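User: Hi! I am new to reading protein models and would like a close look at one part, followed by a short tour of its surroundings.

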Amino acid sequence: MTFRNKKIAILGFGREGKVLLDFLKREEVKLSQITVCDKGMVEMKGVSIQTGEEYLKNLDRFDIVFKSPGIPTILSEIQKVLKKGNVLSSPTNLFFDLCRGTIIGVTGTKGKGTTATMLYSILKTARRKAFLLGNIGKPALLDVRKIKKGDIVIMELSSFQLQHLKKSPHIAIVLDVTVDHLDHHKNVKEYRDAKKSIVVYQKKGDIAILDADSAVVRSFAKHTKAKVLYFGNKEKTWITSSDIQVPGAHNIKNASAAALAAERMGVSREVILKGLKRFKGNEHRLEFVRGKDGVRYYNDSAATNPDATIAALRAFNAPKVFIIGGRNKGFSYAGLAKEIQENTMRGVVLLGETKKVVFDELKKLKDRGLMKKVMVVESLSDAVGNASSIAQAGDVVIYSPSATSFDMFRDYDERGKKFKEIINNI
């Protein structure tokens, strides 16, 4: 991609947008060529600014539009750019164009951050020069000029990042793909097609590591030229629960996928096991916070969909108190309600915009015993107070919202940190 004499728009001036602007400056792109477009206020000297409610106005006047992942492609203003034939790109696209190292991409509806970090731990244990970039690590463009041929780059890739990416990583790991982000994608098919694109542009000599338990993911094998390897409950694995430090059968699957990729990079099983043992889990993903009076408290704030919360429910055999609620992304909570009914629950505390939706799904089950355990509250502090008051020694209390944070918090990171602050002050 050449920037000479091009008019460039940066849509979204969050973390990735700021890194992109710094990158363009280092590449000696003239500031007069760049316009920063963001709904919020932006203070920046030398570049044009387009903010407020009309921050997406007249985007088709730009030659190149770099879109941050959080801005939905379904917006009419973005669709105009696509129809006119202007270049719609992203920091991820630019990174793939420039990266000289070997890229391993990880996607799926849930578990991709954990799998990516497990793999990073393995490769660091093997003393390989590896970079953990993207959603779970640093913004990719920060390190793109440092990466040399032979280095390994591990990237957690969302559907937003993959949707218009016309390149695929050398190794693609695809975890289970269910339903998510229907507030950003026009339908389920578009969401799944975005995930599928991680393997579509692979070549012979590349590797696709696919979840054998998912019919959707298995179907991706028909769309890649890469060598296909499978992991999952239906496949033999040499990884056991004693080999990992994080709870849940889903994490054995995540570790199996990471191990397959590491083996393909020439890492021995002995070193793989050492790397997995060193991985203690990621923040906000079934993160152990503290034990008090025999009760264990876990922060699962990154669980922004029902499938992630179901995985958390299945991760523990002990009686559970779950705190659930946030802003809905268009999900049905019927499956989660049924899973709650089938688990050993001490209590369920509901809050946020989804509290009524989840309550109604639980009520449909007509289980009086279960409904006696359901509490509805207005704040996270009240939720923690109620959960801790009913939890008994040997129980686990888990904050697994099953929804986004935007009704009460800036993001899941702020939400999770607030939960931990409350727990540590009990």
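Which residues does S301 touch, not counting residues up to four places away in sequence?

Analyst: Happy to help! This is a predicted model, where local features need pLDDT of at least 70 and side-chain atom pairs count only at pLDDT 80 or more, while totals for chains, interfaces and linings use all residues. Residues are numbered from 1 along each chain as its sequence is written, and side-chain values use heavy atoms, with hydrogens and water left out.

Leaving out residues up to four places away in sequence, S301 touches H284, Y399, P401, Y412, R415 and G416 (contact means heavy atoms within 4.5 Å). You can find S301 in the loop that runs between strand 13 (295-299) and helix 10 (306-314); helices (H or I, at least four residues) and strands (E, at least two) are DSSP runs, numbered from the N terminus. With a relative accessible area of 0%, S301 is buried (buried means under 20% relative accessible area, exposed over 50%, partly exposed in between, using a 1.4 Å probe and protein chains only). One of its contacts is Y412, and the side chain of S301 reaches the backbone oxygen of Y412 at 2.7 Å.

Another loop residue to look at is N343, between helix 11 (334-342) and strand 15 (345-350). N343 counts as buried because its relative accessibility is 17%. Beyond residues up to four places away in sequence, N343 touches L313 and K320. The side chains of N343 and K320 are joined by a polar contact of 3.2 Å (a pair of N or O atoms within 3.5 Å; within protein, one must be able to donate a hydrogen and the other to accept it, and residues adjacent in sequence count only if both atoms are side-chain atoms). A polar atom of the N343 side chain also lies 3.0 Å from the backbone oxygen of E339.

Now for the nonpolar side chains. In soluble globular proteins, they tend to be buried together. A nonpolar core is a set of buried Ala, Val, Leu, Ile, Met, Phe, Trp, Tyr and Cys residues joined through side-chain atoms within 4.5 Å. The largest one here has 43 residues, of which L24, F95 and V153 touch the most other members. Helix 1 (residues 15-26) gives the most to this core, with five residues. Setting aside neighbours within four places in sequence, L24 is in contact with F3, I8, I10, V29 and I34. Another core, of 32 residues, lies apart from the largest nonpolar core and has I152, A259, M265 and V267 among its residues.
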